[in-house]
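Colleague: I am new to reading protein models, and I would love some company for this one. Could we go through it together, one question at a time?

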Amino acid sequence: MATGVKTRIKLPREVRAGDMITIKTLITHRMESGQRIDPVGMPIPRSIIHRFLCTFDGETVVDLEIGPGVSTNPFFEFEATIPGSGVFTFAWFDDDGAIYTDSKAVVVA
Amino acid sequence: MSIGRRGAMQVSLGALLCLATPLRAQDILAPPNSATLEDVIAAFSDGSSIRDGSVTVTLPEIAEDGYRVSVQVAAPEATEILLVAPGNPVMPVLRAKFGPMAGAARVSTRMRLAQTQDVLVLARMPDGSIQKGLKPVSVIVGGCA
């Protein structure tokens, strides 16, 4: 499990029911592509976040399957339309088996 | 957890063993590299016809740094979007499935581009058909993808 992994999530300050809201997420991860060769000539094994899942009260917002073509510190921005107050949960799945999670409660005005 | 003298010996012995049995490059790299663009498209479209549609790919025309290129893909009504970089060693970059809580079939990220290429986006529509969008991008410094 990688150390020092930080997640960051940005939601709009005010949310009204039925509004389309933009969610921005970031996780610190080196996203080693598996294509690079180390100074000794050995391939550096792949180590990436291969899946990202965002749900709202258990229902999927987006489910991303991620390849090594996504840059270091993967950033994702997407839209959600929510019917009322609830909790967003975010999960990043690492190649090494670790799952990093975060959640954000949203109170609809 | 503290590592005692015995633990340290075992770790260093393990490290030596790893060095003594080098993995060949192709063992690790073979599977992702073996897929051709046709394979990638066929795996996604699953036999459905592909036509040009309302898929938009937003990319800079010139990407100075191939290590991080901002990209937005959008296809109204789509249930699933696949972003492909045919000029990268591993072509599929991102596959997005939109659930019932998604607001729009749209996702932005930052991607690596190994060379100048036409970025391809495939979108699965609710009726099962596939729409595609293409966007050429010039890459100044290629990002090892």
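Modeller: Happy to! Let's begin with chain A, which reads β-β-β-β-β-β-β along the sequence. Please keep in mind that this is a predicted model.

Colleague: How many helices and how many strands does the secondary structure of chain A come to?

Modeller: The pattern along chain A is β-β-β-β-β-β-β, with no α in the list. The count for chain A is therefore zero helices and seven strands.

Colleague: And which pattern does chain B follow along the sequence?

Modeller: Chain B has three helices and nine strands. Read along the sequence, the pattern of chain B is α-α-α-β-β-β-β-β-β-β-β-β.

Colleague: What does the model score for ipTM and pTM, and what pLDDT does chain B average?

Modeller: The scores of the model are ipTM 0.91 and pTM 0.82. In chain B, 76% of the residues score at least 70 in pLDDT, but over residues 16-32 of chain B the pLDDT stays under 50. For that stretch the model has nine contacts beyond four places in sequence. The average pLDDT of chain B is 83.

Colleague: Now to the place where the chains touch. Which element gives the largest share of the side of chain A that touches chain B?

Modeller: Here 32 residues of chain A are in contact with 32 residues of chain B. On the chain A side, the elements that give two or more residues are β2 (20-27), β4 (59-66) and β5 (75-81). The largest share, eight residues, comes from β4(A).

Colleague: By class, how many nonpolar, polar and charged residues does that side of chain A have?

Modeller: We are still looking at the side of chain A that touches chain B, to which β4(A) gives eight residues. Sorted by class, this side has 18 nonpolar, eight polar and six charged residues.

Colleague: I can see a sheet in the picture. In which order do its six strands stand?

Modeller: It is an open sheet, and the pairing is antiparallel. As general background, strands of a sheet pair through backbone hydrogen bonds, either parallel or antiparallel. The order here is β1(A)-β2(A)-β5(A)-β7(B)-β4(B)-β2(B).

Colleague: Which strands stand at the edges, and why is one side of each left without a neighbour in the sheet?

Modeller: A strand at the edge has a single partner strand, so one side of it is left without a neighbour in the sheet. From one strand to the next, the twist averages 15 degrees. The two strands at the edges are β1 (7-10) of chain A and β2 (56-58) of chain B.

Colleague: Let's look at the pairing across the two chains. Which residue in β7(B) is the bridge partner of Phe78(A)?

Modeller: β5(A) pairs with β7 (residues 102-111) of chain B in the antiparallel sense over four bridges. Within β7(B), Thr109(B) stands opposite Phe76(A). The bridge partner of Phe78(A) is Val107(B).

Colleague: How many bridges join β4(B) to β7(B)?

Modeller: β7(B) also has β4(B) beside it in the sheet order, and there Val107(B) is the bridge partner of Val73(B). On to the edge, β4 (residues 69-74) of chain B pairs with β2(B) over three bridges, with Thr58(B) opposite Gln72(B). The antiparallel strands β4(B) and β7(B) are joined by six bridges.

Colleague: What about the inside? Which strand gives the largest share of the largest nonpolar core?

Modeller: This core has 56 residues, and Val61(A), Val73(B) and Val121(B) are among those with the most contacts inside it. Leaving aside neighbours within four places in sequence, Val61(A) is in contact with residues of both chains, including Phe78(A) and Met101(B). The largest share of the core, five residues, comes from β8 (residues 117-124) of chain B.

Colleague: One last puzzle: is Gly34(A) buried or exposed?

Modeller: Gly34(A) is found in the loop between β2 and β3 (49-56) of chain A. Its C-alpha atom is separated by 5.6 Å from that of Ile44(A), 10 residues apart along the chain. A residue needs 20 or more C-beta neighbours within 10 Å to count as buried. Gly34(A) has 21 inside 10 Å, so Gly34(A) counts as buried.

Key. Residues numbered from 1 in each chain as written. Chains lettered and ligands numbered in written order. Predicted model: local features only at pLDDT ≥ 70, side-chain atom pairs only at ≥ 80, totals over all residues. Contact = placed C-beta atoms within 7 Å. Nonpolar A, V, L, I, M, F, W, Y, C, P; charged D, E, K, R; others polar. Pairing = 2+ DSSP bridges. Core = buried A, V, L, I, M, F, W, Y, C linked by C-beta atoms within 7 Å. Buried ≥ 20, exposed ≤ 12 C-beta atoms within 10 Å, placed from the backbone. Axes fitted to C-alpha atoms, helices over the stretch in contact; angles between N-to-C directions. pLDDT = per-residue confidence, 0-100.
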